Amino acid sequence: MNSETTNSGLAAVRAEIARACREAGREPSAVTLVAVSKTFPAEAIEPVIAAGQRVFGENRVQEAAGKWPVLAANHVGIELHMIGPLQSNKAKEAVALFHAIHSVDRPSLCEALAKEISRQGRQPLLFVEINTGAEAQKAGVLPQDADGFLARCRDSYGLTIGGLMCIPPADEAPSPHFALTAKIAARNGLMQLSMGMSADYVAAIAMGATHVRIGSAIFGARDHR
Ligand SMILES: *Cc1c(COP(=O)(O)O)cnc(C)c1O
């Protein structure tokens with residue numbers, strides 16, 4: 001993929017986000033574009049940074065730790081978001097590396113994150129992932145367990161949760177899943193909603209998404225993941 005293609009992808013996504021916001025009566029500044037750069041090397045990311053993008057998403061700690069420190073040192077204002085499943089034993093590295101973590105989903109991870117947040121004096125924006133489709137293979141808290149889990153995050157671990165994240169089942173209309181996630185967030189007083197990927201971010205913005213995680217529409221098709 002050449003940089004021209006990459007930049008046109010970014011421009012198209014930005015225009016589409018602005019259009020979706022207008023249609024929903026929302027300010028475009030209320031939606032953060034997280035450009036998902038997983039599997040792509042620094043050479044593919046550089047043109048996207050050059051086009052002004054600063055917020056990026058990765059789904060593996062090791063991969064992010066390998067390519068982002070150099071990129072972040074060379075460009076002002078880079079913000080990294082962890083969007084993939086996180087193992088508790090990677091919490092230390094994740095808190096050091098990421099400005100936001102979208103995949104908080106179990107007590108052992110809460111405990112590990114709380115310890116590192118206090119030890120490192122850093123405060124990443126935290127999202128609890130909701131498994132809205134109750135899919136066995138997918139991470140996330142079941143919708144019926146969400147209120148209890150959020151209370152536990154706060155009361156047992158002292159974590160400040162900023163919002164919720166979801167990944168709708170691949171074979172279903174996404175909007176009901178976005179609506180359910182928004183409803184759980186609203187009744188728990190949470191302002192941030194991480195929802196919407198390349199195929200469904202317009203629908204997610206209509207349902208109140210504050211963070212859209214977009215990979216292939218910007219970087220092109222991936223071989224995997
Ligand atoms: C890969 C990934 C994305 C981006 O997916 P695209 O369809 O390429 O936009 C978004 N969110 C998560 C959690 C991902 O793993």
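The legends below describe close-up views of a predicted model.

**View 1. The ligand in its pocket.**
The ligand sits in the largest pocket. Around the ligand there are 13 residues, and those that come nearest are K38, S198, G215, S216 and R222. Sorted by class, this shell holds 6 nonpolar, 3 polar and 4 charged residues.

**View 2. Polar atoms facing the ligand.**
Two of the contacts shown here come from the backbone and one comes from a side chain. A polar backbone atom of G215 is 2.8 Å from an oxygen atom of the ligand. For S216, a polar backbone atom is also placed 2.8 Å from an oxygen atom of the ligand. R213 uses its side chain instead: a polar atom there lies 2.9 Å from a nitrogen atom of the ligand. The ligand taken alone exposes 390 Å², and the protein buries 89% of that.

**View 3. T39 in the loop after β1.**
T39 belongs to the loop between β1 (32-36) and α2 (42-50). The phi angle of T39 is near 75°, which is a positive value in a residue other than glycine. Is T39 buried, partly exposed or exposed? T39 counts as partly exposed because its relative accessibility is 27%, and the partly exposed class runs from 20% to 50%.

**View 4. Helix α2 and the residue after it.**
Several residues of α2 are buried, namely A44, I45, P47, V48 and I49. In an α-helix, residues three or four places apart point the same way, because there are 3.6 residues a turn. α2 is followed by G52, and the phi angle of G52 is positive, near 105°.

**View 5. K67 and its two polar partners.**
K67 is part of helix α3, which covers residues 61-74. Why is K67 counted as buried? The relative accessibility of K67 is 12%, so K67 falls in the buried class, for which the limit is under 20%. A polar atom of the K67 side chain lies 2.6 Å from the backbone oxygen of F40. The side chain of K67 also makes a polar contact of 3.1 Å with the side chain of E58. One partner of K67 therefore takes part through its backbone, and the other through its side chain, while K67 itself counts as buried at 12% relative accessibility.

**View 6. A134 in the loop after β5.**
A134 is placed in the loop between β5 (125-130) and α6 (146-155). The phi angle of A134 is near 45°. This is a positive value, and A134 is a residue other than glycine.

**View 7. E172 and A173 in the loop between β6 and α7.**
Both E172 and A173 lie in the loop between β6 (163-166) and α7 (175-187). E172 counts as partly exposed because its relative accessibility is 42%. A173 has a relative accessibility of 51%, so A173 counts as exposed, a class that starts over 50%. The side chain of E172 is joined to the side chain of H177 by a polar contact of 2.7 Å. How far apart in space are E172 and C110? From C-alpha to C-alpha the distance between E172 and C110 is 30 Å, and the two are 62 residues apart in sequence. A173 and A203 are 30 residues apart along the chain, and their C-alpha atoms are separated by 9.7 Å.

**View 8. I214 in strand β8.**
I214 is found in strand β8, made of residues 211-214. I214 has 0% relative accessibility and therefore counts as buried. Along the chain, I214 and Y201 are 13 residues apart. In space, the C-alpha atoms of I214 and Y201 are separated by 8.0 Å.

**View 9. I17 in helix α1.**
Helix α1 covers residues 3-24 and contains I17. Is I17 buried or exposed? I17 is buried, because its relative accessible area is 7%. I17 and A64 are 47 residues apart in sequence. Their C-alpha atoms are 26 Å apart in space.

Terms used:
Residues are numbered from 1 along each chain as its sequence is written. This is a predicted model: local features need pLDDT of at least 70, side-chain atom pairs count only at pLDDT 80 or more; totals for chains, interfaces and linings use all residues. Side-chain values use heavy atoms; hydrogens and water are left out. A residue is near a molecule or strand if one of its heavy atoms lies within 4 Å of it. A polar contact is a pair of N or O atoms within 3.5 Å; within protein, one must be able to donate a hydrogen and the other to accept it, and residues adjacent in sequence count only if both atoms are side-chain atoms. Accessible areas come from the Shrake-Rupley method with a 1.4 Å probe; for residues, only the protein chains shown count as cover. On a 1 Å grid over the protein atoms alone, a cavity is a set of points where a 1.4 Å probe fits but cannot get out, and a pocket is an open set with protein on both sides within 12 Å along at least five of seven lines; lining residues have an atom within 4 Å of a point. A molecule sits in a cavity or pocket if more than half of its atoms lie within 2 Å of its grid points. Ala, Val, Leu, Ile, Met, Phe, Trp, Tyr, Cys and Pro count as nonpolar, Asp, Glu, Lys and Arg as charged, and the others, Gly among them, as polar. Helices (H or I, at least four residues) and strands (E, at least two) are DSSP runs, numbered from the N terminus. Buried means under 20% relative accessible area, exposed over 50%, partly exposed in between (1.4 Å probe, protein chains only).
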